[in-house]
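The dialogue below takes up a few features in turn, with a general idea before each case.

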Amino acid sequence: MTRHLITSAIPYINGIKHLGNLVGSQLPADLFARYQRARGNEVLFLCATDEHGTPAELAAAKAGKPVEDYCREMHEVQARIAEGFRLSFDHFGRSSSPQNHRLTQHFAGRLADAGLISEVSEKQVYSNADGRFLPDRYIEGTCPNCGYDKARGDQCENCTKQLDPTDLIDPRSAISGSTDLEVRETKHLFLRQSQMRDQLDEWINSKTDWPVLTTSIARKWLHDGDGLQDRGITRDLDWGIPVKKGEEDWPGMEGKVFYVWFDAPIEYIACAAEWTEATGRDDAEWERWWRTDKGADDVRYTQFMGKDNVPFHTLSFPATIIGSGEPWKLVDYIKSFNYLNYDGGQFSTSQGRGVFMDQALEILPADYWRWWLLSNCPESSDSEFTWENFQSGVNKDLADVLGNFVSRITKFCRSKFGEAVPAGGDMGAEEQALIDELSRRLEAYDRSMERMEVRKSAQELRAIWAAGNEYLQSVAPWSTFKEDPEKAAMQVRLGLNLIRFYAVLSAPFIPDASGRMLSAMNTLDTEWPSDVTAALTALPAGHAFTVPDVLFAKITDEQREDWQARFAGTRD
RNA sequence: GGCGCGGUAGCUCAGCUGGUUAGAGCGCUCGACUCAUAAUCGAGAGGUCGGGAGUUCAAGUCUCCCCCACGCCA
């Protein structure tokens, strides 16, 4: 038995995520977690909300709430939606947890002791009216290059020129509009990643089986320009984890917090500690997942994320882990994804473009989304969501191929033999041919799932469903029944067993439908098949079942057009 | 501008270290079946693999140049 530690990139607290975010990390991570559990392996699947930083503060202010309250509420909202999508996290934590405070401060202390933290004085813009330092992008002004009057302090969106906040003409706060700004000297901590460049480079080079997307992004950051740069890990904010050196104060750092990118990945570890606390387990329980000196040496750790998160996971977080000099578990495999586009453009949280997770669940059950998103996930390149493709994919695969299979065989059995698995007849050459094909395909399916080849897995699963229809079509029990009812009984018996077989194999993709198939077949036997012949005789003659309701109603053209129009604009 | 990732059938996409007539699903055409959610099954049409040059006995698959789309730029 293998032990799988699985984490999905943690979604930012600021609002509800869209389908592009979902398919880029949480959903494939869930697929893998469910598969590994189904195979009987021990799994700890963690995710959390990423709660610190200026955007959270501003969103809270906009909502008229204290930031703590805002984050607590939004965490609940995201947790509920995750349940709606059947994301099977063992724990859905919060980067603002006390556990993360302690761990983040601990890591900072260790890194400082190892000489990997430097203190740097820099000049930053302070807004007297807002009573805070302003991140570059929250300063607006006129672009010295093109004259655009809403240029941001980091870049002019109009002429794309890179800017320094001090370059702006008539700078003002993007938060309050105040022009009462001044440049102040402030001191910050930097993680000296550059010191660890060779070590990280060597580590990345050893990962020959990682997706090229992952390694190419990492290499770019390692070698581009002057190579890996040190990064600031503190900010002048109120909301965040106070800067401390372990449990001690950090002279000169009073009133500052760690920068969100530093504490967010540490939450992967803290989340495990939250999990033990929430479930009444000992600390040793989470340490055996994270400390190689305390039992985690046989853990296989896999991370899932969109490509925008790759630099933090391939470089910054490993630098934190390695730099601590402590035996923390390092990631074994990083599965990264490209972007899912929406109808010719990008999904966009800030512009409210696309379909958001809550809206998706309002119009259709989770399985529809899970299936389409996973079978079309942006694995090797960006991929595209269009309502036409979604409709035809879901209708064809789920309603016609799988749902109709369940329907045709159960209804036929009911009308000819009643609602119990019929007895009589023996399998012959055609059955053996089906079993041979299913055995081959099952092997291919397992291999793809093991390798996290998501689209390929979906393709194979679909072919497994289709094989049932091919079999029925060729043996035609409705004809056989007329001359040889015993033989028809055998064919139907096999067909009914295929439903259970499909339910088990499909569960990682479509857990709800899988559950309904199992309950219709009146069985709790969800053992992952190794021998197909045995798996297809699990339901014996005489075993009662019920004809289920339509598993997947089709998406009508009217619905599609309605949704197309409804989601054409932007969300408020 | 630099860098990254792509440009393969009408659509969405596969094609590992170069090697027989370039693949899948959808869509389309024709046929079969009638148990089933007007579902299923079979057959077929459809691509000079963005353009050009080169390496090679052999290139979608390697090299160079160009064009196009997208993304990132601490």
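Q: Where is M452 found, and is it buried or exposed?

A: Secondary-structure elements are DSSP runs, with helices (H or I) of at least four residues and strands (E) of at least two, numbered from the N terminus. On that basis M452 is found in the loop between α13 (429–450) and α14. Burial is judged by relative accessible area, under 20% being buried, over 50% exposed and in between partly exposed, with a 1.4 Å probe and protein chains only; M452 counts as buried because its relative accessibility is 6%.

Q: What should I keep in mind about the model and its numbering?

A: This is a predicted model, in which local features need pLDDT of at least 70 and side-chain atom pairs count only at pLDDT 80 or more, while totals for chains, interfaces and linings use all residues. Residues are numbered from 1 along each chain as its sequence is written, chains are lettered from A and ligands numbered from 1 in the order in which they are written, and side-chain values use heavy atoms, with hydrogens and water left out.

Q: What is the phi of M452, and what is that of A476?

A: Most residues other than glycine have a negative phi. M452 is not a glycine, yet has a positive phi of about 60°, and A476, also not a glycine, has a positive phi of about 45°. A476 has its place in the loop between α14 and α15 (477–483), and counts as buried because its relative accessibility is 12%.

Q: Which residues line the second largest cavity, and how is its volume to be read?

A: On a 1 Å grid over the protein atoms alone, a cavity is a set of points where a 1.4 Å probe fits but cannot get out, whereas a pocket is an open set with protein on both sides within 12 Å along at least five of seven lines; lining residues have an atom within 4 Å of a point. Grid points are joined across faces, edges and corners, and a volume is the space filled by probe spheres set on the points. The second largest cavity holds about 50 Å³, and M452 is one of its lining residues, together with P28, L31, F32, F304, M449, E453, V454 and S457. Two or more of these residues come from each of α1 (19–38) and α14, with α1 giving the most, three residues.

Q: How many cavities are there, and what lines the largest?

A: The count comes to four cavities of 30 Å³ or more, and the largest has a volume of about 80 Å³. Its lining consists of P11, I16, K17, Q26, Q78, I81, A82, L87, F92 and M357, and α3 supplies the largest share, three residues. For classes, Ala, Val, Leu, Ile, Met, Phe, Trp, Tyr, Cys and Pro count as nonpolar, Asp, Glu, Lys and Arg as charged, and the others, Gly among them, as polar; this lining divides into seven nonpolar, two polar and one charged.

Q: What lines the second largest pocket?

A: That pocket holds about 330 Å³ of space and has 13 lining residues, of which Q99, R102, L103, H106 and W286 lie nearest its centre. α4 (98–113) gives the most to the lining, with five residues, and the classes are four nonpolar, four polar and five charged.

Q: Which residues come nearest to RNA strand B?

A: A residue is near a strand if one of its heavy atoms lies within 4 Å of it. There are 33 residues around RNA strand B, of which Q346, S380, N404, R408 and K411 come nearest. Sugar and phosphate account for 77% of the strand's atoms that come within 4 Å of the protein. In the side chain of K411, an N or O atom is 2.3 Å from a phosphate oxygen of the strand, while for Q459 the corresponding distance to a sugar or linking oxygen is 3.4 Å. The element that gives the most to this surface is α12, with eleven residues.

Q: Which residues is L461 in contact with?

A: Contact means heavy atoms within 4.5 Å. Leaving aside neighbours within four places in sequence, L461 is in contact with W371, Y445, L505, S506 and F509. L461 has its place in helix α14 and is buried, with a relative accessible area of 0%.

Notes
Polar contact = N/O pair within 3.5 Å; in protein donor to acceptor, adjacent residues only side chain to side chain.
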